[in-house]
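Visitor: I'd like to walk through this one by asking how each label is earned. Can you take me from value to cut-off to conclusion?

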Amino acid sequence: MMEGREDDRKRGGGSSALGMNLKNLVSREYYGHKKKVHSVAWNCLGTKLASGSIDHTARVWSIDPHGHSKVKDIELKGHTDSVDQLCWDPKHPDTLATAAADKSVRLWDARSGKCQVIELNGENINIAYKHGGTYIAVGNKEDELAIVDVRKLKSLHKYKFNYEINEIAWNKTGDLFFITTGLGNVEVVGDPSLHTTVHAVCKLNAHTAGCYCIGMDPLDRYFAVGSADSLVSLWDVKELLCIRTFTKLEWPVRTVSFNHTGEFIAYASEDPFIDIANVQTGRSIHQIPCKAAMNSVEWNPKYNLLAYAGDDKNKYQADDGVFRIFGFENT
């Protein structure tokens with residue numbers, strides 16, 4: 001039986017079967033923020049989820065992946081403006097970095113709620129950890145990129161761009177850095193934590209409109225780019241070639257994420273659903289309905305649980321401040 005199932009999976013049958021399974025799963029709502037949530041991110045163990053909001057706070061939620069135990073959360077207060085993006089240290093499950101419009105980055109201990117503050121130049125909107133956990137890249141509204149050494153708690157290098165830069169990411173080995181731009185390009189550069197100037201490797205003409213977001217395959221085979229042209233392009237990390245596009249959305253793509261096995265990709269926009277597609281075939285396997293523009297989707301690094309947040313209200317039609325997690329059994 002197992003052999004037949006393995007063969008079926010190799011032919012792609014397994015994913016469609018899982019697509020059927022996804023239809024029986026449900027989303028749960030989590031609310032604690034007073035205003036809309038801009039960013040959600042899981043820690044490296046998949047046990048905690050952080051949410052950042054325009055209410056100036058971040059929250060850390062202890063999530064049982066099977067949905068059995070009561071959810072606990074801790075409020076992280078200190079920012080004086082919108083928390084626009086956050087990310088966890090890839091090596092430490094209790095260290096969280098938040099980027100805010102108050103021109104600061106904060107490094108939090110998610111157990112105590114204490115933080116260290118790094119002052120920067122502009123209103124921060126994008127943040128990414130290098131996989132070793134020693135550097136953070138931060139992008140701001142003035143199209144500047146700062147590289148922060150988290151051990152010294154200071155900015156090492158700053159790069160100014162004369163065009164719009166959006167989401168950023170390192171590859172897993174840390175030797176390449178990806179910058180999505182408003183020109184429709186993805187700039188691939190050498191590791192910016194090692195250089196004082198940007199060392200261009202190549203410029204990928206990825207889309208016909210601005211590139212907004214990027215997601216990295218946890219197996220380091222691919223990366224995905226979401227664009228204002230409503231498409232998501234899938235790229236081979238080593239060859240830097242586009243393999244396929246995902247085409248289900250009609251509005252600019254704001255957020256994209258791979259699941260932990262690299263089999264599925266979730267992407268969202270102002271369309272009334274989040275699309276989940278099979279990475280190998282490009283086919284849509286499930287759509288999660290939503291009533292408003294999505295700001296952030298992120299798969300858990302260990303389980304098929306997808307956190308998502310947007311301009312949506314909760315089922316009681318209360319004000320913004322809700323996020324959801326899809327993938328729980330309907331009990």
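Guide: Sure, and keep in mind that this is a predicted model. Let's start with lysine 130, whose relative accessibility is 15%.

Visitor: Why is lysine 130 called buried?

Guide: Buried means under 20% relative accessible area. Lysine 130 comes out at 15%, so it counts as buried.

Visitor: Where does lysine 130 lie, and what does it touch?

Guide: Lysine 130 lies in the loop between β10 (124–129) and β11 (135–140). Leaving aside residues up to four places away in sequence, lysine 130 touches Pro90, Tyr135, Trp170, Gly174, Asp191 and Ser193. A touch here takes heavy atoms within 4.5 Å.

Visitor: What makes histidine 92 partly exposed?

Guide: The partly exposed class sits between the 20% and 50% cut-offs. Histidine 92 has 44% relative accessibility, so that's the class it gets. Histidine 92 is also a loop residue, found between β6 (83–88) and β7 (95–100). From histidine 92 to aspartate 109 is 17 residues in sequence and 9.8 Å in space, C-alpha to C-alpha.

Visitor: Zooming out, how do you know whether the radius of gyration agrees with a compact globule?

Guide: Put the chain's value next to the rule. For 331 residues, a compact globule would have a radius of gyration near 20 Å; the chain has 19 Å, so the two agree. The C-alpha atoms fill a box of roughly 55 × 45 × 35 Å along the principal axes.

Visitor: What share of the chain is buried, and how much surface is exposed?

Guide: Buried residues are 54% of the 331. The chain exposes about 14700 Å², with carbon and sulfur atoms supplying 49% of that. As for contacts with a separation of 6 or more, 43% are between residues 24 or more positions apart.

Visitor: How many helices and strands does the chain have?

Guide: Two helices and 28 strands.

Visitor: Which residues does the "repeat: WD" annotation cover?

Guide: That label comes from UniProt, in an unreviewed entry, and covers residues 30–64, 76–118 and 204–245. In the model, residues 30–64 are 0% helix and 54% strand, with end C-alpha atoms 13 Å apart. Residues 204–245 are 0% helix and 57% strand, and there the end C-alpha atoms are 15 Å apart.

Visitor: And how far apart are the mean positions of the positive and negative charges?

Guide: They're 4 Å apart, taken over 39 positive and 42 negative charges. Histidine 92 isn't in that tally, as His is not counted.

Note on methods
Residues numbered from 1 in each chain as written. Predicted model: local features only at pLDDT ≥ 70, side-chain atom pairs only at ≥ 80, totals over all residues. Heavy atoms only, no water. Helix = DSSP H or I, 4+ residues; strand = E, 2+ residues; numbered from the N terminus. Buried < 20%, exposed > 50% of the residue type's maximum accessible area, 1.4 Å probe, protein only. Rg over C-alpha atoms; globule rule 2.2 N^0.38 Å. Areas by Shrake-Rupley, 256 points an atom, 1.4 Å probe, with all protein chains shown as cover. Charge placed at Lys NZ, Arg CZ, Asp CG, Glu CD. UniProt positions renumbered as here; feature names shortened; annotations may be inferred.
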